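This report describes the packing, the main pocket and the unusual backbone geometry of one protein model. The sequence and the structure are shown first, and the description follows.

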Amino acid sequence: MSRAWMYGMCALLLAWSSGALAADAASGSGPVSLVFAGDIVLNDAAGEMIRAGGDPLANFDALFKQADIRVANLECVVATTGSAGDKIYTFRAHPRALGVLKRHFDALALANNHSGDYGREAFAEMLGLMDQAQLGHFGGGHNLSEAHTPLILERKGLRIALLGYNEFMPRSFEADADAPGVAWSEDEQVVADIKKARIFYKADLVIPIMHWGWENELTSNPRQRQLARLMIDAGADAVIGGHPHVTQEIAHYQGKPIIYSVGNFVMKETDNANQRRGWVLRLQLDKQGVVGLDTRVAAINMDGIPSLDSTAASPCWQRGQATVQMCQPTH
């Protein structure tokens, strides 16, 4: 396989972010583009930057603006209430951070092991603040039913359901029938949620966002692989994961991609180089699922602030390809 051929394929794969695809977006035709960024914590240095009027995500503003849908995993609670739990790390950001999040994202995944760091009162406050800001969220709610309800985003006539699940302890912050919290990934419930998203909510595509795996492991574990295949068998069109704080492999099953971990995005609490290199995932979608994907590298400094690495090769894939490729960024 020649280098010229490989770069040509990469250029075709990334063409959706070019001027031609911008014209498609303006006319309401063409694929729907979705961007997903990894774990975001907006306390500490990032929080201080926001308090001073700065924006820790500014380096990615142009990249995010190219997408029709922008999503990330919020790895902290945004609140003023509550008290820190008995954990090594507890993360709480000031509500002023919502302005930055609203600027860059349409929706946030809440199903993770830090949403409950300051208790149910703080989590409920965050849900209310997000609703006031008209910032979408999923994977958590005021009760169990709400936590398992998909967020439906419609672009260019395509209805996309986003579901979120945590399976990293403690499970004590799982939502209950009448108590706020996050969605836990019981296999039977996950399958039922995916099927309901299609049948009841009339979604064209269903994408679960998972918080799973072991920290610092560069490859997925058997549980991740089993659950990913189960979700695709149930009707998921792609599976996107995080939590290990490092990137893991991208695979495909039945022609549908599984991104096991995109790694960190805004995270000061890092202790090795792999934790300071994450991916911003970009998908192009049609009614048959994922047309193609590519990734852009986020280089994270010691204060946890990311910058776009415009030279690093990273994984890409196109529907029908047998293997995931490494592509050079073109934009």
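## Nonpolar cores

In this predicted model, the largest nonpolar core has 44 residues, and those with the most contacts inside it are Leu42, Leu74, Phe105, Leu108 and Phe265. At least two residues of this core come from each of strand S1 (32-40), H3, helix H4 (61-65), strand S2 (69-74), strand S3 (77-78), H5, helix H6 (119-132) and strand S15 (264-266). The most is given by H6, which supplies six residues.

Leu42 may serve as an example of the packing. Apart from its neighbours within four places in sequence, Leu42 is in contact with Gly47, Ile50, Pro56, Cys76, Ala93, Ala97, Leu101 and Val266. A second, separate core has 30 residues, including Ala238, Leu283, Ala312 and Trp317.

## Helix H5

Helix H5 spans residues 97-104, and its buried residues are Ala97, Leu98, Val100, Leu101 and His104. These residues lie on the same side of H5, because they cover an arc of only 160° around the axis. In general, an α-helix has 3.6 residues a turn, so residues three or four places apart point the same way. Two of the buried residues, Ala97 and Leu101, are also among the contacts of Leu42.

## The largest pocket

The largest pocket holds about 340 Å³ of space. It is lined by 17 residues, of which Tyr89, His114, Glu215, His245 and Glu269 are the closest to its centre. By residue class, the lining comprises seven nonpolar, six polar and four charged residues.

## Backbone geometry

Most residues other than glycine have a negative phi, and most peptide bonds are trans. The exceptions described here include two residues with positive phi and one cis peptide bond. The two residues with positive phi are set out below.

| Residue | Phi | Location | Relative accessibility |
|---|---|---|---|
| Asp44 | about 55° | helix H3 (residues 44-51) | 37% |
| Asn216 | near 70° | loop between strand S11 (205-211) and helix H9 (222-234) | 35% |

Are these residues buried, partly exposed or exposed? Asp44 counts as partly exposed because its relative accessibility is 37%, a value between the 20% and 50% cut-offs. Asn216, with a relative accessible area of 35%, is likewise partly exposed.

The cis peptide bond joins Met169 and Pro170, with omega at about 10°. Pro170 lies in the loop between strand S9 (158-166) and strand S10 (181-182).

Key:
Residues are numbered from 1 along each chain as its sequence is written. This is a predicted model: local features need pLDDT of at least 70, side-chain atom pairs count only at pLDDT 80 or more; totals for chains, interfaces and linings use all residues. Side-chain values use heavy atoms; hydrogens and water are left out. Buried means under 20% relative accessible area, exposed over 50%, partly exposed in between (1.4 Å probe, protein chains only). Helices (H or I, at least four residues) and strands (E, at least two) are DSSP runs, numbered from the N terminus. The arc is that of the directions from the helix axis to the C-beta atoms. On a 1 Å grid over the protein atoms alone, a cavity is a set of points where a 1.4 Å probe fits but cannot get out, and a pocket is an open set with protein on both sides within 12 Å along at least five of seven lines; lining residues have an atom within 4 Å of a point. Grid points are joined across faces, edges and corners, and a volume is the space filled by probe spheres set on the points. Ala, Val, Leu, Ile, Met, Phe, Trp, Tyr, Cys and Pro count as nonpolar, Asp, Glu, Lys and Arg as charged, and the others, Gly among them, as polar. A nonpolar core is a set of buried Ala, Val, Leu, Ile, Met, Phe, Trp, Tyr and Cys residues joined through side-chain atoms within 4.5 Å. Contact means heavy atoms within 4.5 Å.
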